[in-house]
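This report describes the arrangement of helices in one model and the surroundings of selected residues. The sequence and structure are shown first.

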Amino acid sequence: MERRSQADRDAITIEIAYAFVSGVFAAGLVFAALYAPALAFDLSPTTGRILATLGGALAATVFLLRIAHVLWRFARRPENDGR
């Protein structure tokens, strides 16, 4: 097994950080888009809880999909040589 260079380790670290930050941002946008009507309008508490739950579930899904997409794309780049 070949050891990775410092540049390879740095590139992986940066890509993981980018995946995490962009995943948090995308998830936050999804949650805000779904929960905003509960804040903007006088909705019942039950409707607010439903929107919060739905927004949280979709935000978590978007977060995981974004991280998987970014890291999968990084791993498939030709200069990574399958590492």
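Are helix 1 and helix 2 roughly parallel or roughly antiparallel to each other? The two helices are roughly antiparallel, a class that takes angles over 145 degrees, whereas under 35 degrees counts as roughly parallel, 65 to 115 as roughly perpendicular and the rest as oblique. This is a predicted model, in which local features need pLDDT of at least 70 and side-chain atom pairs count only at pLDDT 80 or more, while totals for chains, interfaces and linings use all residues. Residues are numbered from 1 along each chain as its sequence is written, and side-chain values use heavy atoms, leaving out hydrogens and water.

**Helix packing**

Helix 1 covers residues 6–40 and helix 2 residues 45–75; helices here are DSSP runs (H or I, at least four residues) numbered from the N terminus. Their axes come within 8 Å and cross at roughly 155°. Such axes are lines fitted to C-alpha atoms over the stretch in contact, with angles from 0 to 180 degrees between N-to-C directions. The crossing of helix 1 past helix 2 is right-handed, that is, the near helix is turned clockwise from the far one by less than a right angle. The residues of this contact comprise 26 nonpolar, five polar and three charged. In this grouping Ala, Val, Leu, Ile, Met, Phe, Trp, Tyr, Cys and Pro count as nonpolar, Asp, Glu, Lys and Arg as charged, and the others, Gly among them, as polar.

**Helix 1**

The 35 residues of helix 1 should span 51 Å at 1.5 Å a residue, and the 50 Å between its end C-alpha atoms agrees with this. The expected span is 1.5 Å times one less than the number of residues. Helix 1 has a kink of about 40° at Leu34, shortly before the proline Pro37; the bend is the angle between axes fitted to the seven residues ending at a position and the seven starting there. Buried residues of helix 1 include Glu15, Ser22 and Gly23, where buried means under 20% relative accessible area, exposed over 50% and partly exposed in between (1.4 Å probe, protein chains only).

**Selected residues**

Pro37 belongs to helix 1 and is partly exposed at 29% relative accessibility. In helix 2 lie Ile67 and Ala57. Ile67 counts as buried at 19% relative accessibility, whereas Ala57, with a relative accessible area of 44%, is partly exposed. The table gives C-alpha to C-alpha distances.

| Pair | Apart in sequence | Apart in space |
|---|---|---|
| Pro37 and Ser5 | 32 residues | 50 Å |
| Ile67 and Ala17 | 50 residues | 9.7 Å |
| Ala57 and Phe31 | 26 residues | 8.7 Å |
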